[in-house]
Amino acid sequence: MHQIATRAVDWHAIREDFPILRERAHGHPLIYFDSAATSQKPRAVIDALRRYYEHENANVHRGLHELSSRATEAYEKARQRVATYLGATDAEEIVFTRGTTESINLVAQAWGGKFIRAGDVILLTEMEHHSNLVPWQLLAERTGARLRFVPVLDDGTLDLEQLASLLTGEVKIFAFTHISNSLGTINPVSELCQKARAVGALTLVDGAQSAGHLPINVEELGCDFLAFSGHKMCGPTGIGGLYARAEILDSIPPWHGGGEMIVSVTLEKSAFKKAPHRFEAGTPNIAGAVGLAAAIDYIEQLGRPAIFEHDSNLANYATQRLSELPGMHIFGPTKQRGALVGFVMDAAHPHDLTTFADQYGLALRGGHHCNQPLMRRFGVPGTTRASFYFYNTTEEIDQMIEILSAAVRFFS
Ligand code: PLP
């Protein structure tokens, strides 16, 4: 029998905290291997949302009554919680957004709109999610800036030898993912940030796949921006954030106009609040922020180092077991990888394989995973992806192998 190292956390017991894991799909016990798309939510988060709506709900910042004070306090406490979680010096360095996509768009449009000029270079990598690609394409079209890409090697890591020739003084920002959502590659963030800083470029880290999976300290990483999504780290959908270094955030003009972000308004002109409120026009997702803070509390209770170790064990175990199947092609690094494995099987197209697995209650994801250029780089239309979180088990991986073995027999 295959064994993995276990830690003090009882990973089987914590499954009880996730009511949805008791669901059945097509008559089978649910095996949820799609956490890279969105994670499941523990009862602590669901309860925090209910508690907020039952005891605190009101609009923030503009009310002079008790409930508005409670809602404002809960919302701003959540901002502080996120700041501490990410190792930011100050809560004012955290802007609440809808998630990673909106955070990157904020930087591309508001920061980029002010600081990017024709001829400037925006450096990205070939492994970026469309969320960290399309906003920069739009900015480049608008400003005449140029895009450059760090290539991906066959083993799924970045071609760091080419970095020196790409990361020149013309680069104004280097935006890259922490963990690839298709390959599982964990990029050397501190090293990349250090190199970017040496040529005077800012850095944006796409933390969508890392924020809930490993310890992050933005000061230690040395990044200027970090974007993340709450829903991928046990929090609700529609909430996430952008960390931005204080002096940079202060230099960025507003991007969305409306209520909450102004100090005074005349018919002709407005004066704006300081960051981060300047970037939060309109009624924010207050309940979402409260739920996100509860998710962070939950994650911290387990401990990010323990989560990372458990995730890595699952990913390594899955990689090893998948490689036993005939006609299997696994993408991404063989050694250290994030909590996911992307693969293609000779027996069936990723969509057919994913549909087959679904009939047995196994939730995989098949397709390009918002990584079309990366799929093209590897010469495949898409992959099947199994992505894990701390509530998954090796037994579930064994069941996946049985289902995929049945798929090989079915499609052959
Ligand atoms: N970046 C990466 C690496 C992702 O995996 C994802 C989502 O899958 C995103 C960005 C976009 O996240 P969201 O849709 O929550 O904005």
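In what order do the seven strands of the open sheet stand? Select them and read across: 4-10-9-8-7-5-6, with mixed pairing. Strands here are DSSP E runs of at least two residues, helices are H or I runs of at least four, and both are numbered from the N terminus; two strands pair if DSSP finds at least two bridges between them.

Before going on, note that this is a predicted model, where local features need pLDDT of at least 70, side-chain atom pairs count only at pLDDT 80 or more, and totals for chains, interfaces and linings use all residues. Residues are numbered from 1 along each chain as its sequence is written, and side-chain values use heavy atoms, leaving out hydrogens and water.

Now colour strand 4 (94–97) and strand 6 (146–150): each has a single partner strand, so one side of each is left without a neighbour in the sheet.

Next, pick strand 8 (residues 202–206) and strand 9 (residues 225–229), which pair in the parallel sense over three bridges. Aspartate 206 has alanine 227 of strand 9 as its bridge partner.

Then move to the largest pocket (an open set of points on a 1 Å grid over the protein atoms alone, where a 1.4 Å probe fits, with protein on both sides within 12 Å along at least five of seven lines; lining residues have an atom within 4 Å of a point). Its lining counts 27 residues, with Ala37, His129, Ser131, Lys232 and Cys370 nearest the centre. Domain 1 (11–42 + 303–411) and domain 2 (46–300) both contribute to this lining, so the largest pocket lies between them; the bounds come from an automatic or database domain assignment.

Finally, show Glu56, Ala74, Lys77, Val290 and Ala293, nearest the centre of the second largest pocket. Helix 2 gives the largest share of that lining, six residues.
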